[in-house]
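Visitor: Could you take me through one part of this molecule slowly? I am new to reading structures, so a close look at a single region would help.

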Amino acid sequence: MNLDAELSALAVQEDLPADLVWRLLQHPQARRSAALLRKDLTAESIEEVIRLGSARTLAANAHVPAMVRARLAEHPEPSVRAAVAASVADEPPGLLARLADDQDSCVRSFLAMNEHLPPDLLAVLAEDAEPSVRSNVVQYWRDAPEPVRRALLTDSDPNIRRSAASAYSPPADLLPVLLADPETRAVAVRYVDPSPELARDPDSGVRRAVAAHPNLSAELRDVLAQDVDVFVRNTIAARPDTPSALRESLVATLATDDPLTEWSLSFQRNTHRCPPPAPAPPRLTREQAEDLLARASL
């Protein structure tokens with residue numbers, strides 16, 4: 001572990017004396033770690049973090065007093081207000097409404113992620129002029145009422161229509177519309193029974209969706225096992241109901257020299273290997289912490 005990483009680990013160590021925390025605030029990386037994760041920052045330490053230019057990181061710390069986060073919600077930098085918006089509660093009352101009316105779309109986009117946001121404000125953001133805001137509403141408001149779901153499923157932005165079709169089960173009358181839309185057709189496949197027409201669709205994304213369908217018949221499975229698209233064949237190989245002999249023959253056709261493609265294919269088949277997590281850094285004594293700070297001249 002290099003010196004910067006050691007200082008950052010020390011900066012989040014529990015029960016660290018306040019004087020050591022103060023010294024660590026003078027180191028940029030350690031300051032960001034302390035500002036984001038410490039639960040015991042004093043009023044003086046908070047002011048020092050802000051003075052030294054790490055207000056954005058501090059704004060994302062849910063353990064900072066509500067009055068401090070409300071103050072940061074008025075910060076001139078949109079990135080600071082956005083960090084507050086992502087998780088702040090409505091303290092004082094009306095804070096969330098003010099953030100929903102922020103002139104910067106980044107702030108409103110982060111606000112759409114906030115679990116404290118009431119339905120009335122989520123509904124406002126679902127009609128926001130900025131697509132990134134509406135997109136986050138789709139991602140984080142999975143129990144949106146039907147009028148909101150309908151609006152998002154028929155949004156003018158194709159990315160939002162696609163995301164909405166993934167997030168929401170569409171009303172029956174909208175399903176033909178989604179299937180006819182090239183942007184949502186592949187996603188809408190999950191809501192209908194697989195057919196030979198869909199299995200022969202010119203869009204490989206549609207064929208991939210058919211290959212993953214839980215109601216796929218053995219006949220269509222065997223058709224898609226011969227597909228020209230490697231990801232379609234891989235999807236068939238990944239199915240738990242694919243016979244082992246067929247799976248083995250398919251895997252033999254999936255070899256690639258591209259590491260990213262190989263990772264994607266193996267991930268879907270659950271044969272990838274992740275590195276083990278790094279061990280937790282050791283807890284330092286006062287003497288060891290002083291030695292580390294001395295090496296950093298803090």
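Visitor: Which residues in α13 are buried?

Guide: Happy to help! Keep in mind that this is a predicted model. In α13, the buried residues are I160, R161, A164, A165 and A167. They sit on the same side of the helix, because the arc they cover around the axis is only 165°. What do these buried residues pack against? Their partners are three other helices: α11 (131-140), α12 (146-153) and α15 (185-188).

Now look at the two ends of this stretch. At the start of α13, D157 uses a side-chain oxygen to reach the backbone nitrogen of N159, coming to within 2.8 Å. Past the other end, a loop runs between α13 (158-167) and α14 (175-180), and P170 is found in that loop.

Is P170 buried or exposed? Its relative accessibility is 12%, and buried means under 20%, so P170 counts as buried. Leaving aside residues up to four places away in sequence, P170 touches L153, L175, L178 and Y191. You can also find R150 from here: P170 and R150 are 20 residues apart along the chain, yet their C-alpha atoms are separated by 7.8 Å.

To trace this yourself, begin at D157 and its contact with N159, follow the buried side of α13, and finish in the loop at P170.

Key:
Residues numbered from 1 in each chain as written. Predicted model: local features only at pLDDT ≥ 70, side-chain atom pairs only at ≥ 80, totals over all residues. Heavy atoms only, no water. Helix = DSSP H or I, 4+ residues; strand = E, 2+ residues; numbered from the N terminus. Buried < 20%, exposed > 50% of the residue type's maximum accessible area, 1.4 Å probe, protein only. Contact = heavy atoms within 4.5 Å. Arc of directions from axis to C-beta. Polar contact = N/O pair within 3.5 Å; in protein donor to acceptor, adjacent residues only side chain to side chain.
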